[in-house]
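Welcome, and thanks for opening the viewer. Please switch on side chains, and let's walk through some charged pairs together.

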Amino acid sequence: QVTLFQKASATPSTSAAAGTLTISLASDTPSANIAPLKAARVPFPKIGFAAGASDVTITAITAQRTGVSADTALSSIALIDNATNLQVGLNQTLNSTHQVTFRDSIVIPANTTKYYTLSANMPSTTQSQAGNVASLSLIDVTTTASKVGTLPLTGNGQTINEALTIGSISGLTGSLNVATSTKAVGTTAFNFSGIKLTAGST
């Protein structure tokens with residue numbers, strides 16, 4: 001009887017390549033404008049994330065408030081997916097180093113560019129910041145992919161306006177809203193709820 005032993009390879013196995021991620025300021029990043037009180041999702045820099053030949057996962061995005069302004073000029077920061085206009089994760093408040101970090105995973109498909117905008121929700125009351133110019137900078141992206149591009153990337157500054165009155169809207173239960181009830185399987189054209197939207201005075 002002959003027993004054969006296979007010699008272990010001296011070359012360690014390697015995992016699949018993590019891919020590349022090109023990070024750039026979008027050509028149509030928002031221009032310099034005003035950021036009035038009570039405004040939601042005021043757009044600052046629009047950032048492009050382009051994956052190479054394989055999918056890329058981003059696990060964290062860090063931004064910093066820059067410009068001639070104070071952190072109180074911006075109530076919170078939101079990350080918006082430009083393809084869907086939906087917010088990624090929750091609003092984030094600037095910390096003691098003027099930064100926020102979004103830790104929701106984002107997948108950029110292979111050979112695809114996706115765009116995200118760093119936006120600010122403005123305070124509801126004056127913060128003595130009128131006339132100051134705030135900016136948001138992308139300062140770090142966490143990913144296992146090889147990153148191409150130079151950080152930070154800073155969008156155009158937005159001038160804080162504490163005098164302009166912007167439109168508002170309120171929501172209430174509408175007349176079609178129904179009380180809790182039981183319906184048979186197969187019921188069609190049933191109104192589950194109703195909402196009434198009312199515009200403010202401006």
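What is the relative accessible area of Lys114? Select Lys114 to begin: its relative accessible area is 23%, so this residue is partly exposed. Keep in mind as you look around that this is a predicted model.

Now add Asp81 to your selection. Lys114 and Asp81 form a salt bridge, and their closest N and O atoms are 3.9 Å apart. Colour the two strands to see what this pair does: Lys114 sits in strand β9 (residues 113-121) and Asp81 in strand β5 (residues 76-81), so the salt bridge ties together parts that are 33 residues apart in sequence. Is Asp81 buried or exposed? Its relative accessibility is 10%, and because buried means under 20%, Asp81 counts as buried.

Next stop: select Asp71 and Arg65. Here, too, you will find a salt bridge, with 2.8 Å between the closest N and O atoms. Turn on a surface and look for the two partners: Asp71 is buried, and Arg65 is buried as well.

For the last stop, go to Lys147 and Asp140. How far apart are the closest N and O atoms of this salt bridge? Between Lys147 and Asp140 that distance is 3.7 Å. Keep the surface on for this pair. Lys147 has 41% relative accessibility and counts as partly exposed, while Asp140, with a relative accessible area of 32%, is partly exposed too.

If you would like to keep exploring, the structure holds four salt bridges, among them the one between Lys114 and Asp81 where we started.

Technical notes:
Residues are numbered from 1 along each chain as its sequence is written. This is a predicted model: local features need pLDDT of at least 70, side-chain atom pairs count only at pLDDT 80 or more; totals for chains, interfaces and linings use all residues. Side-chain values use heavy atoms; hydrogens and water are left out. A salt bridge is a side-chain nitrogen of Lys or Arg within 4 Å of a carboxyl oxygen of Asp or Glu. Buried means under 20% relative accessible area, exposed over 50%, partly exposed in between (1.4 Å probe, protein chains only). Helices (H or I, at least four residues) and strands (E, at least two) are DSSP runs, numbered from the N terminus.
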